[in-house]
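Here are a few exercises to work through with the model open beside you. Try each task before you read its solution.

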Amino acid sequence: MPPTRDSGRRRPTQRPDTAPQLPCDQPGCNRWFRNLSGLTKHKHTTHLSFSHPHQSFPDHGELLGSSGEEDPVADTTPMLPEHAFDDYQAEVPLDPEHEDMRAEYVGSSGRLYRNYHPGLNARRCDARGQFLPANAPPPPRAEKALDDWTPYHNRLEFELADFLFTHAEMPARKIDTLLDIWAASLIGLGGQPLFTNHTDLYCVIDSTRVGDVKWDNFTIRYTGEEQGSERAPWMSDSYEVWYRDPCEVIHGILASSEFTDKLDLVPYREYDVSSDQRRWQDFMSGDWAWAQADRILHDDPMTAGATLVPIILGSDKTTVSVATGQTDYYPLYLSIGNVRNTLRRVHRNAVVLIAFLAMPKTTREHANTPAFRKFKRQLFHSSLTHILSSISRPMKVPEVVLFGDNYYRRVIYSLAAYIADYEEQVLLSCIVRNWCPKCLGHRDNLDEGALRRSREHCDTIIKEFELRQAWDSYGIVGDVVPFTNDFPRADIHEMLSLDILHQLIKGGFKDHLVEWVERYLIHVHGRVEAEKILDEIDWRIAAVAPFTGLRRFPQGRHFKQWTGDDSKGLMKVYIAAIEGLVPKDMVCTFRAFLEFCYLVRRNVITEQTLTEIDGALRRFHLFREVFRNAGVIESFSLPRQHAMKHYHYLIRQFGAPNGLCSSITESKHIKAVKRPYRHTNRFQALGQILLINQRLDKLTAACADFAGRGMLNGTCLSQAFEVLGTIEECANAAGDSEERTASYEEESGEVIDDQMAVDAHVSLAHRYQHARARNVGALATELGVLDLAHLLRHFLQSQLYPNDLRNPEDIPYQECPVYEGRIRVYNSACSTFFAPSDLSGIHGMRHEHIRSCPMWRNAGPRFDCIFIVTDPQAEGMRGLDVAHVLCFFLFKYQGTFYPCAVIHWFDRVGEGPDEATGMWIVRPGYRMCNLRNIAVVHIDTIYRAAHLIPVYATHNIDSRDIKPHCSYDMFHSFYVNKYADHHVFEIAF
């Protein structure tokens with residue numbers, strides 16, 4: 001536990017920054033430097049004088065193909081000097097020290113402080129853009145009445161519309177059937193249903209004004225010259241793009257009362273008071289936001305006081321139907337960097353669908369021609385330019401926007417980040433496949449140290465070189481201009497964000513390491529023997545005990561369609577499954593890679609975490625050589641694996657990567673594309689998808705509006721009882737409903753939107769098991785723990801006499817309190833804990849069920865393992881012990897309820913984690929005479945569930961005969977699986 005600090009707080013120190021004083025005098029260059037050597041180096045690298053004739057850029061509107069991926073234009077221009085750009089760095093100037101920089105403590109503990117940017121500091125203003133005094137009230141606005149449900153008549157209408165359309169996703173015909181039944185039931189009473197039919201329902205939703213951002217479209221055609229005598233079919237087609245105005249979408253996010261206290265409006269740098277270490281979390285904590293604010297102020301000092309709104313884009317093709325003919329869509333999403341990561345990960349309308357891009361297709365004859373490939377690239381970039389055209393002016397001149405706190409602010413936009421997988425990044429950055437979109441490393445040796453790519457550098461290469469030379473030497477597709485070149489301060493190479501899902505989970509882990517293990521086994525043992533070993537790995541994976549959120553692989557890994565969740569699930573158990581079947585260095589390779597993945601996935605990353613990330617990467621590069629030495633792989637020049645080298649820098653730029661991962665856009669596909677598609681008639685489905693999304697946005701905005709005015713407190717039923725004055729009936733009805741809902745248990749963990757009160761809390765299930773033991777003797781017989789009554793007496797001794805320094809187990813049980821009354825047995829308990837690195841609520845809270853039941857889902861018994869806090873002052877596993885839960889029960893003694901657990905203690909093996917896997921090893925604990933070390937503990941000592949994986953290599957057991965539900969009983973030593981989820985990784989070290 002951290003030491004307690006005294007109450008006298010010192011003002012946070014501001015880290016000194018030396019102001020750049022020397023400007024570059026080249027026309028159009030806005031760079032500033034701290035010293036003369038930096039300025040001289042900049043001129044010698046950035047503003048080189050070339051004697052070659054300049055080459056003009058292609059125009060977006062030209063859309064004319066002339067060269068392709070396999071047939072770049074021939075080059076006769078000599079190359080630049082070999083080290084011409086060795087010292088080139090495309091960075092914006094660092095900020096000067098400001099006298100009026102605001103620093104303040106944040107958080108309830110006062111352990112953190114932030115330095116806020118003094119220039120773009122989000123000052124409040126009126127509707128005309130005039131700044132207001134600090135304590136001025138918000139400008140007067142027409143307040144809506146608390147009973148104004150427009151366009152709905154009352155709460156019942158709104159909640160019914162929201163339930164049918166958003167939650168039940170009920171088709172029109174079923175809505176009509178439901179309303180007909182409802183109308184028939186009301187005929188005798190002279191009443192009418194809330195809606196006549198589905199048309200009436202849809203008309204009311206469509207008339208909602210909040211959240212109403214209209215869809216528009218434009219069409220693009222090929223207007224270039226024809227090549228050859230025959231005109232390709234794609235040259236005659238027109239390509240339609242549907243989009244929504246991004247400015248209006250952003251206005252809606254900023255004006256939402258739902259996000260009022262969940263937006264970071266000012267760039268900041270956060271530090272830990274005790275260590276003075278920098279911390280990175282949300283987007284505005286990164287260096288990019290701070291440097292961008294400096295750059296905006298440098299270009300135009302009149303922007304002082306404005307609010308920086310970084311724009312985050314994301315796109316990815318998705319398939320919605322394969323069985324009835326492949327149907328693909330190309331959605332484009334938008335979010336803003338002011339939204340915090342936890343909010344963006346759970347969406348909450350902070351990630352908005354703004355466009356469907358065109359996907360040109362043609363005949364097989366023309367599909368791979370250079371002209372068609374170039375046309376597709378230009379179509380993509382010109383479409384983005386047109387869609388984002390409305391933000392071009394507000395990127396230069398601030399606009400006045402209303403925020404959710406009812407204040408106006410001057411807003412200036414910047415294109416900040418783009419979420420995309422590697423194939424999409426190649427298209428966005430206009431580079432050749434197998435090159436890195438972030439740096440200039442050659443595709444034959446990507447990991448060799450290289451400078452970062454930049455807009456200025458690429459422009460220089462294209463101007464000075466022929467297209468063929470730019471292609472071969474720098475991996476640049478020179479005949480296509482990135483869309484970012486049409487916007488100020490935008491650089492696509494800076495914008496491309498980290499992608500944990502495709503770069504690490506699907507790429508580095510599944511496509512590389514797992515595949516290499518299979519190649520190694522075949523290379524060393526031959527295919528027949530390798531197949532047997534791979535079967536053993538599959539049996540080991542299938543025998544792993546169940547755990548909340550853990551994906552099952554009952555048939556092993558051999559299935560064709562892998563999803564991101566499949567790869568994540570395999571990551572959690574694979575290292576233990578291969579241990580003993582492959583060389584130790586291969587296991588160490590997996591350990592280093594997994595530790596890198598879990599470290600970069602943390603919700604908060606400190607300077608110490610960055611050091612650990614660098615260490616894990618070095619170990620990974622060291623141990624992966626075992627694959628090359630074994631003849632499995634010839635080169636490690638792999639773009640997705642190479643991207644690991646850029647994580648350190650990009651974390652400093654953009655904050656924690658979990659807020660900019662393609663898993664966000666992929667999960668958004670489900671809500672915005674795939675589910676709406678299922679409710680269309682499949683004929684010209686895009687128009688129906690657009691309409692469904694528009695209605696969903698209106699319902700979401702209306703819900704936020706009503707909730708912000710306090711009109712959705714309680715339930716419809718509780719409000720009706722309150723109006724009738726029957727508060728007691730209301731409470732009883734609500735209580736019954738809550739119990740029924742809470743007793744339903746999902747296998748996956750659930751997100752909680754409540755504020756964090758404690759780090760962890762455990763409570764019993766809402767209902768006890770009537771068919772199980774009712775007294776201590778019966779429970780002892782059921783569990784096979786014959787001395788349970790004595791253990792319970794020792795437990796009561798420790799609870800009633802907490803100041804007694806003696807070990808309760810050393811006290812004769814005859815001297816301990818006796819309990820012989822009734823008990824209630826429960827099949828599960830619920831652990832609620834703070835786990836922002838995992839999928840959690842907007843405040844980082846999450847809960848999971850810990851099960852202890854004789855039969856679970858008709859598959860067999862399930863008795864989970866748990867972490868118990870035994871030393872609050874120690875860190876990691878040195879402060880935690882592992883136990884196997886045998887039963888949860890509750891009893892009442894002297895007027896106090898005691899929720900308890902009967903557990904079997906596990907003992908740690910060794911003084912630290914296993915060297916190869918990085919996981920602690922435990923084994924079941926025994927007392928004298930080979931008796932199990934059983935105890936009764938209060939559930940308040942339980943932290944959360946633990947997951948154990950057998951140490952297969954030390955057992956002579958055929959894994960194919962092991963069922964998951966008996967895994968904990970068949971083996972005598974286990975790994976404490978710190979890769980079970982990100983929260984366990986943070987506590988079980």
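**Exercise 1. Work out the strand order of the open sheet, how its strands pair, and which strands form its edges.**

Step 1: The open sheet has five strands, in the order E3-E4-E8-E9-E17. Strands here are DSSP E runs of at least two residues and helices are H or I runs of at least four, both numbered from the N terminus. Two strands count as paired if DSSP finds at least two bridges between them.

Step 2: The pairing in this sheet is antiparallel.

Step 3: Strand E3 (102-106) and strand E17 (605-606) are the edge strands, as each pairs on one side only.

A note on the source: this is a predicted model, in which local features need pLDDT of at least 70 and side-chain atom pairs count only at pLDDT 80 or more, while totals for chains, interfaces and linings use all residues. Residues are numbered from 1 along each chain as its sequence is written, and side-chain values use heavy atoms, with hydrogens and water left out.

**Exercise 2. Look at strands E4 and E8: how many bridges join them, and which helix lies across them?**

Step 1: Five bridges link strand E4 (residues 112-116) to strand E8 (residues 268-272) in the antiparallel sense.

Step 2: Opposite arginine 269 in E8 you will find asparagine 115.

Step 3: Helix H7 (residues 287-299) lies across E4, E8 and strand E9 (278-280), at about 140° to E8. Angles run from 0 to 180 degrees between N-to-C directions, with axes fitted to C-alpha atoms, for helices over the stretch in contact (contact: heavy atoms within 4.5 Å).

**Exercise 3. Find the pairing partners of strand E16, then decide: is E16 largely enclosed or not?**

Step 1: Strand E5 (residues 124-125) runs antiparallel to E16, with two bridges; cysteine 125 has tyrosine 408 as its bridge partner.

Step 2: Strand E10 (residues 307-315) pairs with E16 in the parallel sense over eight bridges, and threonine 307 is partnered by valine 411.

Step 3: Strand E15 (residues 399-402) pairs with E16 in the antiparallel sense over four bridges, among them one between valine 400 and arginine 410.

Step 4: Eleven of the twelve residues of E16 (residues 408-419) are buried, so the strand is largely enclosed by the rest of the structure. Buried means under 20% relative accessible area, exposed over 50%, and partly exposed in between, with a 1.4 Å probe and protein chains only.
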